[in-house]
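Q: Got a minute to walk through this one with me? I'd like to go over the fold, the charges and the contacts.

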Amino acid sequence: MAIVHTVVLALALVALVFLPCAVALLICADGAVARVRQRIRGRRDRRALHILDRTLTHQSISLAALDEHQPSIQQIAADLRRLDRQRLGIATRSKVWHAAVLLAYDDRLRLASRCLGVCEHLDQLDGVDLEIERVRVEGELEAAGLSLRAGSHRHQDH
């Protein structure tokens, strides 16, 4: 029986000595885990920023090349005003001509939207939804300062 008491007493002393060490290890391990998580998050953020920087650098080059071939915003606005007059005069033209004018008008709306940073979804819609999107995009472009109607252009000059 003395051996059992000796073993229990030895285990109690070992536990008494090592229990504070185990608690300290758990507390420090929690801080260490938090630091490792911060490092991983920091690396991930730096990697994402690097990818974004690389992407923006390549896009600015392609945008510069695109700008050489793209008409000016003034030319786009003039085209939109001309095409708007033509699309509203549909009674005297054929359906094919009207469809071609609408395609050209939508193309110029997309160019103007890209130049002024207006979100548009003209490619993804058709029918009445496309008509509604045209009206919405026209309103956004007008709000951005682009006059799409000949009357509104004259009104701004005065």
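What follows is a quick back-and-forth on the chain shown here.

Q: Before we start, what kind of model is this?
A: It's a predicted model.

Q: OK. How many helices and strands does the chain have?
A: The chain has 5 helices and 0 strands. Read along the sequence, that gives α-α-α-α-α.

Q: And how much of it is buried?
A: Of the 158 residues, 19% count as buried.

Q: What about the accessible surface, how big is it and how much belongs to carbon and sulfur?
A: The accessible surface comes to about 11,900 Å². Carbon and sulfur atoms hold 64% of that.

Q: Which share of the contacts joins residues at least 24 apart?
A: If you take contacts between residues at least 6 apart in sequence, 56% join residues at least 24 apart.

Q: Let's do charges. Which residues gather in the patch of positive charge on the surface?
A: That patch is made of arginines: R35, R37, R39, R41, R43, R44, R46 and R47.

Q: Take R46. Where is its place, and which helix is that?
A: R46 sits in helix α1, which covers residues 2-69.

Q: Buried or exposed?
A: R46 counts as exposed because its relative accessibility is 55%, and the cut-off for exposed is over 50%.

Q: Any nonpolar patch? Which residues make it?
A: I3, V7 and L11 make a nonpolar surface patch of about 320 Å². V7 lies in helix α1 and counts as partly exposed, at 44% relative accessibility.

Q: Switching to salt bridges. How many are there?
A: The count comes to 8 salt bridges.

Q: Give me one. What does D79 meet in a salt bridge?
A: The side chain of D79 meets that of R108, at 3.2 Å from N to O. D79 is in helix α2 (residues 73-88) and R108 is in helix α3 (residues 95-116), so the pair ties together parts 29 residues apart in sequence.

Q: Is D79 buried or exposed?
A: D79 counts as buried, with 8% relative accessibility.

Q: Which residues are linked with D79 in a network of salt bridges?
A: The network links D79 with R82 and R108.

Q: What about E138, what does its side chain meet?
A: E138 forms a salt bridge with R87, at 2.9 Å from N to O. That pair links distant parts of the chain, with E138 in helix α4 and R87 in helix α2, 51 residues apart.

Q: And how do those two score, buried or exposed?
A: E138 counts as buried at 7% relative accessibility. R87 is buried as well, with a relative accessible area of 13%.

Q: Now R136. Which residue does it form a salt bridge with?
A: R136 pairs with E133, and their closest N and O atoms are 2.8 Å apart. Both are in helix α4, and because they are 3 residues apart, about one helical turn separates them.

Q: Where do those two stand on burial?
A: R136 counts as partly exposed at 33% relative accessibility, whereas E133 is buried with a relative accessible area of 8%.

Q: R134 caught my eye. Which helix is it found in?
A: R134 is in helix α4, residues 127-143.

Q: Buried or exposed?
A: R134 counts as buried because its relative accessibility is 3%, with the cut-off for buried being under 20%.

Q: What does it touch, not counting residues up to four places away?
A: R134 touches R87, L102, Y105, D106, L109 and L122. One of these, R87, is also the salt-bridge partner of E138.

Q: Last topic, pairs that are far apart in sequence. How far is R81 from R149 in space?
A: Their C-alpha atoms are 5.5 Å apart, while the two are 68 residues apart in sequence. R81 is found in helix α2 and is buried, with a relative accessible area of 14%.

Q: And E140 with V118, how far apart are they?
A: E140 and V118 are 22 residues apart in sequence and 6.8 Å apart from C-alpha to C-alpha. E140 has its place in helix α4 and counts as partly exposed, at 38% relative accessibility.

Definitions and conventions
Residues numbered from 1 in each chain as written. Predicted model: local features only at pLDDT ≥ 70, side-chain atom pairs only at ≥ 80, totals over all residues. Heavy atoms only, no water. Helix = DSSP H or I, 4+ residues; strand = E, 2+ residues; numbered from the N terminus. Buried < 20%, exposed > 50% of the residue type's maximum accessible area, 1.4 Å probe, protein only. Contact = heavy atoms within 4.5 Å. Areas by Shrake-Rupley, 256 points an atom, 1.4 Å probe, with all protein chains shown as cover. Patch = residues over 30% accessible without salt bridge, like charges linked within 9 Å, V, L, I, M, F, W, Y side chains within 5 Å. Salt bridge = Lys/Arg side-chain N within 4 Å of Asp/Glu carboxyl O. Lys, Arg positive; Asp, Glu negative; His and termini not counted. Charge placed at Lys NZ, Arg CZ, Asp CG, Glu CD.
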